[in-house]
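This briefing looks at strand pairing and at charged side-chain contacts. Please read it alongside the sequence and the structure shown here.

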Amino acid sequence: ENIEEEKNEEKNKEKTNENTNSREVLYTADNGETYSIIGRLSIPILNIEYPILSSSSTALLKISLNRYWGAYPNEVGNMVVVGHNYKNNKFFSNLPKIQIGDVVKITDTRGQTLDYSVYDTSVIDPYDNSCTSQLTDGQTEITLITCYYEKGSTHATKRFVAKAKAY
């Protein structure tokens, strides 16, 4: 069961966990599993909206978007968020359709929402991690990464990257 169904917030419980960083909240899904969330990502033009889990693993990528590396939501630095491209409109399946200037919204656990403007998109090799650099010259940035299927391919051999800055 995916957190995608979490969009109906009345059915779900979020609570602050006093034992973790205040930048994280615990989320209990309908199936009883508990996850640590650091915020929500929304790309209105692509109809993408999901929680961002606090860490990343193969198992967590099946649940929702994951913080892979870097800053926390809406903090100076480069927060790198990864998500699966299942080619079925879930998670980051539509991310390769994003355009320069499109808006990405990040809401942190304190309820603060910042708007980010996409300034770069690229297709990279899967082991190219240069886009995860934390050298942002004091800017608040996000990097979104998903699998990329080259035309006609049934396997994702590349990665699609979108970079955005807060404004």
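A residue is called buried when its relative accessible area is under 20%, exposed when that area is over 50%, and partly exposed in between. By this scale Asp115, with a relative accessible area of 22%, is partly exposed. The model is a predicted one, and five salt bridges are found in the structure, three of which are described below together with the strands around them.

**Strand pairing**

- Strand S7, covering residues 103–108, runs antiparallel to strand S8, covering residues 113–124, and five bridges join the two.
- The hairpin formed by S7 and S8 has four residues between its strands, and within this hairpin Gly111 adopts a positive phi near 90°.
- S8 also pairs with strand S10 (residues 158–166), again in the antiparallel sense, here over eight bridges, and in this pairing Tyr116 of S8 stands opposite Ala166 in S10.

**A salt bridge within the hairpin**

- Lys105 stands opposite Asp115 in S8, and the side chains of these two residues meet in a salt bridge with an N to O distance of 2.9 Å.
- Because Lys105 lies in strand S7 and Asp115 in strand S8, the pair ties together parts of the chain that are ten residues apart in sequence.
- Lys105 has a relative accessible area of 28% and is therefore partly exposed, and its partner Asp115, at 22%, is likewise classed as partly exposed.

**Salt bridges between parts further along the chain**

- Asp125 and Lys158 meet through their side chains in a salt bridge, at 2.7 Å from N to O.
- This pair links distant parts of the chain, with Asp125 in the loop between S8 and strand S9 (140–148) and Lys158 in strand S10, 33 residues apart.
- Asp125 is partly exposed, at a relative accessible area of 43%, and Lys158, at 23% relative accessibility, also counts as partly exposed.
- Glu75 forms a salt bridge with Arg23, in which the closest N and O atoms are 2.9 Å apart.
- Glu75 lies in the loop between strand S5 (65–69) and strand S6 (77–82), while Arg23 lies in the loop between strand S1 (13–16) and strand S2 (25–28), so that this contact ties together parts that are 52 residues apart in sequence.
- Glu75 counts as partly exposed at 25% relative accessibility, as does Arg23 at 23%.

Conventions
Residues numbered from 1 in each chain as written. Predicted model: local features only at pLDDT ≥ 70, side-chain atom pairs only at ≥ 80, totals over all residues. Heavy atoms only, no water. Pairing = 2+ DSSP bridges. Salt bridge = Lys/Arg side-chain N within 4 Å of Asp/Glu carboxyl O. Buried < 20%, exposed > 50% of the residue type's maximum accessible area, 1.4 Å probe, protein only.
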